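Work through the exercises below with the structure open. Each task is followed by a stepwise solution.

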Amino acid sequence: MEPIRFDDRLTRPMPTADPLRKQSDGDGPSKPDVKRPESRNILERMKRVDPNQAKRYRQRSGE
Amino acid sequence: MIGIETEYGIYVEGKGAQDLVAEATHLVKLYPPPVAVGWDYRQEHPRRDMRGFTVDHLSIDPQDAQFEQSGRPHSTDVEVRSDRVLPSGARLYNDHGHPEFSTAECTSIKELIAQDRAGERVMQVCAERRMAKMGGGLVALYKNNTDYHGASYGTHESYLTNRGVPFEELLHSVLPFLVTRQIFAGAGKVGIEQQAAVAGGGAEARGGVYQLSQRSDFFTTIASVDTLYNRPIVNTRDEPHTDPRKFRRFHVICGDANLCEVATFLKVGTTLLTLRLIETGWKPEGIALRDPVTAIKRISHDPNRMATGPGKWLVERLSGGVIGAVDLQRHYLLAAQQRLRGLSSETDEVLDEWEHVLNLLESDPGHLSDTLDWVAKQSLLEEFREAEGLTWDDPMLQSIDLEYHNVDPATGLYYGLEQEGRVRRIVSDESVAAAVSEPPAGSPRAIVRGIAVQKFAERMHAVTWSRFGLTDGAGQSTSVRLSRTDTLSPTLLRERLSAVTTPAEFVRTLDELERDVTDEDVEDVDEEENGGSTAA
């Protein structure tokens with residue numbers, strides 16, 4: 001591969017201010033407003049995964 | 001008009017791949033009424049190519065063909081597929097051993113996300129009913145696209161586009177975009193498929209590596225009408241499901257199934273804007289790819305995905321030199337900002353999110369663990385790996401990958417993230433729950449089909465995406481042509497049709513509402529019969 005040609009760059013990264021992470025005026029993407037139930041720890045959930053599930057998992061070829 | 005079809009992975013304890021056609025058939029039949037049955041397959045044309053010809057047959061995966069059992073009792077195609085049309089206007093059926101959920105046609109991306117996620121709920125209802133019927137044993141459904149053993153299955157998007165753009169022009173303008181959009185739309189995968197497996201060898205995927213996309217390993221050509229084997233990046237099937245003089249349905253088959261709502265918002269939103277750009281006459285310059293099929297894999301496999309700066313996801317340009325996928329996407333973004341900003345509030349939200357995500361992919365990809373599936377999944381895998389002291393080649397990580405996609409809210413890992421508030425949402429749980437049984441509010445044809453199912457499911461027959469038959473109390477059947485409703489007010493349609501009490505009144509009300517629509521305006525599309533195999 002040839003070296004990177006930086007003149008291909010079209011825009012530069014935005015400033016750190018991120019309007020999408022602010023409280024939105026509309027109903028677009030926003031930070032979740034979901035309470036975190038203590039009993040549903042994701043790590044514990046991962047530990048309960050059957051280690052052989054992917055090995056057993058066979059599918060028909062689809063579209 | 002836009003839509004998403006998802007073939008779900010299905011696991012039934014004690015059953016093998018050879019049993020999955022029967023299992024998927026059982027499963028979809030368990031979805032509770034009201035549902036309409038009787039899909040009309042004579043009106044589907046999966047072998048018709050946009051480039052002006054029809055192929056004799058579609059390619060079949062030789063490895064998959066071994067699962068067909070000649071000793072099994074023969075059922076008709078319609079019986080095996082067991083289509084159900086749901087009160088939302090969606091379609092649920094068995095597609096080649098996969099329960100498939102096709103959303104109703106939508107006119108806004110947020111409505112589409114609610115409908116797509118309602119599909120997860122529909123599938124889980126079926127899984128729970130199947131488990132109850134079995135009296136023991138696990139049934140799990142996965143919104144993913146790989147089995148890590150050489151089989152892939154699809155998540156397809158449909159975009160109604162202007163037929164006035166020549167197909168070759170459309171293809172070359174959209175191709176670099178489609179190859180690179182996986183940097184935000186990829187769902188992440190542990191393992192890389194061996195090319196022998198993709199060619200029908202059925203070998204296990206090579207573990208110990210993580211890649212962006214679940215589908216990229218499976219594309220072997222640029223454009224084709226095939227979808228089951230020799231898969232193309234751009235599908236050329238010509239089934240507009242509406243007036244073929246004016247429209248084509250651009251059928252994208254190279255996408256992953258997304259669970260993160262923002263990933264779906266971007267996947268669909270940026271594709272829609274890119275197609276709109278091309279319709280305005282805009283053409284990308286200097287970003288044609290030298291080898292798109294190699295590029296789609298190379299981007300997915302690039303181990304530098306978490307690096308900062310522009311030196312990752314590099315692809316070779318036809319005109320020489322290389323360009324990074326982020327910059328290539330910026331080429332489209334810049335044009336869309338110049339030509340499309342202000343078209344609608346949803347357009348502007350897509351543009352803002354597109355820019356924001358591209359910038360973070362370059363400057364701090366780890367910050368997108370609440371936004372994109374591939375980053376969220378990688379973050380989970382790292383968390384688990386560190387907690388358990390595992391190396392990347394531990395086979396357990398592939399099971400963690402798989403369970404990310406499990407649509408059971410009690411066990412699925414994406415759902416775990418959602419319940420802990422670790423992912424951004426676009427639609428509320430209430431909107432998703434409503435979309436299980438209600439058509440998208442802005443879509444006339446989904447409203448007509450959905451309300452018909454809610455009120456007269458048992459009187460419906462010969463259903464297609466563009467029409468259905470409705471039989472009244474005297475046994476008189478009327479064909480309801482949905483393309484005639486596309487220009488009607490969705491609010492008025494819902495209001496008037498919700499009040500009817502008989503099939504005859506339903507037809508009469510539609511006739512009144514359509515009285516200003518002439519046959520000149522809408523050419524019917526369901527004219528020819530074809531021999532059999534079906535399309536989503």
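The model is predicted.

**Exercise 1. Helix packing, first pair**

Task: Describe how helix H16 (residues 444-456) and helix H17 (residues 490-498) of chain B pack, and which residues make the contact.

Solution.
- Step 1. Take the geometry. The axes lie 9 Å apart, and the angle between H16(B) and H17(B) is about 10°.
- Step 2. Classify the angle. Angles under 35 degrees count as roughly parallel, so H16(B) is roughly parallel to H17(B).
- Step 3. Assign the hand. H16(B) crosses H17(B) in a right-handed sense.
- Step 4. List the contact. H16(B) supplies Pro444(B), Ile447(B), Val448(B) and Ile451(B). H17(B) supplies Pro490(B), Leu493(B), Arg494(B), Leu497(B) and Ser498(B).
- Step 5. Sort by character. The contact of H16(B) with H17(B) holds 7 nonpolar residues, 1 polar and 1 charged.
- Step 6. Recall the helical repeat. An α-helix has 3.6 residues a turn, so residues three or four places apart point the same way.

**Exercise 2. Helix packing, second pair**

Task: Do the analysis for helix H5 (residues 167-180) and helix H9 (residues 292-301) of chain B.

Solution.
- Step 1. The axes of H5(B) and H9(B) come within 9 Å and cross at roughly 25°.
- Step 2. H5(B) and H9(B) are therefore roughly parallel.
- Step 3. The crossing of H5(B) and H9(B) is right-handed.
- Step 4. From H5(B), Leu175(B), Val179(B) and Thr180(B) take part; they meet Pro292(B), Ala295(B), Ile296(B) and Ile299(B) of H9(B).
- Step 5. This contact between H5(B) and H9(B) counts 6 nonpolar residues, 1 polar and no charged.

**Exercise 3. The nonpolar core**

Task: Which residues touch the most other members of the largest nonpolar core?

Solution.
- Step 1. The core has 143 residues.
- Step 2. Leu178(B), Ile400(B) and Val448(B) touch the most other members.
- Step 3. Helix H8 (residues 261-279) of chain B gives the largest share of this core, 10 residues.
- Step 4. Place Leu178(B). Beyond four places in sequence, Leu178(B) contacts Ile233(B), Val234(B), Val252(B) and Cys254(B).
- Step 5. Place Ile400(B). Ile400(B) is one of the buried residues of H13(B). Helix H13 (residues 396-404) of chain B has 9 of its 9 residues buried.
- Step 6. Place Val448(B). Val448(B) is one of the H16(B) residues that contact H17(B).

**Exercise 4. A loop residue**

Task: Is Val463(B) buried or exposed, and what does Val463(B) touch?

Solution.
- Step 1. Locate it. Val463(B) sits in the loop between strand S17 (460-461) and strand S18 (467-471) of chain B.
- Step 2. Count neighbours. Val463(B) has 24 C-beta neighbours inside 10 Å, so Val463(B) is buried.
- Step 3. List contacts. Leaving out residues up to four places away, Val463(B) touches Ala36(B), Gly38(B), Trp39(B), Asp40(B), Val85(B) and Phe468(B).

**Exercise 5. Backbone exceptions**

Task: Where do Asn230(B) and His241(B) lie, and what is the peptide bond from Pro33(B) to Pro34(B)?

Solution.
- Step 1. Asn230(B) has a positive phi of about 50° without being a glycine. Its loop joins strand S12 (219-224) and strand S13 (231-235) of chain B.
- Step 2. Asn230(B) has 17 other C-beta atoms within 10 Å, so Asn230(B) is partly exposed.
- Step 3. His241(B), also not a glycine, has a positive phi of about 60°. His241(B) lies in the loop between S13 and strand S14 (247-255) of chain B.
- Step 4. With 23 C-beta neighbours inside 10 Å, His241(B) is buried.
- Step 5. The bond from Pro33(B) to Pro34(B) is cis, with omega near 5°. Pro34(B) belongs to the loop between helix H1 (20-29) and strand S3 (48-49) of chain B.

How values were computed:
Residues numbered from 1 in each chain as written. Chains lettered and ligands numbered in written order. Predicted model: local features only at pLDDT ≥ 70, side-chain atom pairs only at ≥ 80, totals over all residues. Helix = DSSP H or I, 4+ residues; strand = E, 2+ residues; numbered from the N terminus. Buried ≥ 20, exposed ≤ 12 C-beta atoms within 10 Å, placed from the backbone. Contact = placed C-beta atoms within 7 Å. Axes fitted to C-alpha atoms, helices over the stretch in contact; angles between N-to-C directions. Parallel < 35°, antiparallel > 145°, perpendicular 65-115°, else oblique. Left-handed = near helix turned anticlockwise from the far one by under 90°. Nonpolar A, V, L, I, M, F, W, Y, C, P; charged D, E, K, R; others polar. Core = buried A, V, L, I, M, F, W, Y, C linked by C-beta atoms within 7 Å.
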